[in-house]
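Here's a quick briefing to read with the model open beside you. Take it topic by topic, and find each spot in the viewer as you go.

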Amino acid sequence: MKYVVLLISSLSLAQTYQILNEEKPEVSYRGLAFQDANTFVVSGSKNTIGKTTDGGKTFRWINPKVIENRDFRDIEVLGKDNYLALGIDSPAYLLQTRDGGKTWNKVYENNEKGIFLDAIYVDKISKKMTVLGDPMSPDKPFVLTSTIADPTKWEVAKAFHGQPLRLKNPKEAFFASSGSNLYVDSKQTLVVTGGELSNIYYYTPKGGQMYALEKTKSSTSGINGMAYDALHNVGYLVGGDFTKPEDSSYNFYKFKITNGKLSFQDSWQYPTGYKSGVTIISKDKVLVCGYSGVDYSTDGGHRWTTITKDSYNTCVVSPDKKYVILVGNKGKIGKVVL
């Protein structure tokens, strides 16, 4: 394994980075979710799902037999040994296991032309599950809803919190880069887009709002990932242009929500290059990842330190907040100890 120790002199702390696993170089990982501090699952291309119960020291590799040749862009933990995996593109699938990955069942299948599922969000408080997909009609996202209690029943949603779904531009869509362009709780929903335009849509029972986000003219640019911490009322958006990984243009936004409205916070500095994933560690600590590498901030995104130039798609902090797992292309799974 490769280890890198990064010193942050202002805090006299060290972050240790290591590559945990590269056993499957033919696989691209984008799905990642924790069951507990030592157990997490990853998902990716070539029908591949992996599970570890020892913090990433060893993995059990799983290829669900109920379907073939799927790219599992997202995976979520519904409970102990209870996982939901999202297979993109037509036909699109949602698969569930209740025994830690030994057996899988199809709980949703869609063979419509143009179907493309992007992300799953599970609200552990309300027990509601939401799946976001690219538009099947010109002006609205494709949204599915269900509950943890019965993932076999899915409904196509026409609204969030009673507000009709809409998109400003017919060529606006979602990047399935890290399964993180959606946030849902019982009071509010946030959705971020990219493509021809990049916007953040905010839905509450009192109404819907849209906030335009600056981006380059390229249709391959915009926001790719989002994280929102309702407890500390802090949110981060990351993106850029994935065809230009070293370009930092419009790759980061920070926001909070006050009295039902979003306000964006200025940053002194931006992370380096294109970013697809973001995870909030505490009120002021945040880590981002992308093709350009992994950056870390201890002051709410004002200043950044590059931990590694290694490419990753998705990053998620452990439940005990002691480390971050990263997954990427060429079978790479990494870890940053905080």
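Which residues line the largest cavity? They are Ser 198, Glu 214, Lys 215, Thr 216, Ser 221, Gly 222, Ile 223, Gly 240, Ser 249 and Tyr 250. Keep in mind that this is a predicted model. The rest of the tour covers the cavity, the pockets, two sheets, a pair of cysteines and one loop residue.

**The cavity**

- Searching the whole structure turns up one cavity of 30 Å³ or more.
- The volume of the largest cavity comes out at about 30 Å³.
- Strand β23, residues 221-229, provides the largest share of the cavity's lining, with three residues.
- Sorted by class, the cavity lining has six polar, two charged and two nonpolar residues.

**The largest pocket**

- The largest pocket holds about 1,300 Å³ of space.
- A total of 40 residues line the largest pocket, and the ones nearest its centre are Tyr 121, Val 122, Tyr 183, Tyr 228 and Val 316.
- Which strand gives the most to this lining? That's β3, with five residues.
- At least two lining residues each come from β3 (29-34), β7 (72-79), β11, β18, β23, β27 (277-280) and β31 (314-317).
- So far as class goes, the largest pocket's lining splits into 21 nonpolar, 10 polar and nine charged residues.

**The second largest pocket**

- For the second largest pocket, the volume is about 230 Å³.
- Its lining counts 17 residues, with Phe 116, Phe 174, Phe 175, Ala 176 and Phe 242 nearest the centre.
- Two elements, β17 (172-173) and β20 (194-195), give two or more residues to the lining of the second largest pocket.
- In this lining you'll find eight nonpolar, six charged and three polar residues.

**The sheet from β18 to β22**

- Four strands make an open sheet here, in the order β18-β19-β21-β22, and their pairing is antiparallel.
- Why do β18 and β22 each have one side without a neighbour in the sheet? Both β18 (182-184) and β22 (207-212) are at the edges with a single partner strand each, so one side of each stays free of a neighbour in the sheet.
- From one strand to the next, the twist in the β18-β19-β21-β22 sheet averages 10°.
- Inside the sheet, β19 (residues 189-192) runs antiparallel to β21 (residues 199-204), and the two pair over four bridges.
- To see that pairing up close, look at Val 191, which is opposite Tyr 201 in β21.

**The sheet from β11 to β14**

- Another open sheet of four antiparallel strands follows the order β11-β12-β13-β14.
- At its edges sit β11 (117-123) and β14 (150-156), each paired on one side only.
- The twist in the β11-β12-β13-β14 sheet averages 25° from one strand to the next.
- How many bridges join β12 and β13? Strand β12 (residues 128-137) and strand β13 (residues 140-147) pair over seven bridges, in the antiparallel sense.
- One residue to click on is Val 131, whose bridge partner in β13 is Leu 144.

**The cysteines**

- There are zero disulfides in the structure.
- Why is there no bond between Cys 289 and Cys 315? The closest cysteine sulfur to that of Cys 289 is in Cys 315, and at 3.4 Å it is too far for a bond, since a disulfide needs the sulfur atoms within 2.5 Å.
- Looking from the other end, Cys 315 has its closest cysteine sulfur in Cys 289, again at 3.4 Å and too far for a bond.
- Are these two buried or exposed? Cys 289 is buried, with 0% relative accessibility, and Cys 315 is buried too, at 4%.

**A loop residue to find**

- Asn 329 is in the loop that runs between β32 (323-327) and β33 (333-337).
- With a relative accessible area of 26%, Asn 329 counts as partly exposed.
- Along the chain, Asn 329 and Ser 45 are 284 residues apart, while 9.5 Å separates their C-alpha atoms.

Technical notes. Residues are numbered from 1 along each chain as its sequence is written. This is a predicted model: local features need pLDDT of at least 70, side-chain atom pairs count only at pLDDT 80 or more; totals for chains, interfaces and linings use all residues. Side-chain values use heavy atoms; hydrogens and water are left out. Two strands pair if DSSP finds at least two bridges between them. Axes are lines fitted to C-alpha atoms, for helices over the stretch in contact, and angles run from 0 to 180 degrees between N-to-C directions. Buried means under 20% relative accessible area, exposed over 50%, partly exposed in between (1.4 Å probe, protein chains only). On a 1 Å grid over the protein atoms alone, a cavity is a set of points where a 1.4 Å probe fits but cannot get out, and a pocket is an open set with protein on both sides within 12 Å along at least five of seven lines; lining residues have an atom within 4 Å of a point. Grid points are joined across faces, edges and corners, and a volume is the space filled by probe spheres set on the points. Ala, Val, Leu, Ile, Met, Phe, Trp, Tyr, Cys and Pro count as nonpolar, Asp, Glu, Lys and Arg as charged, and the others, Gly among them, as polar.
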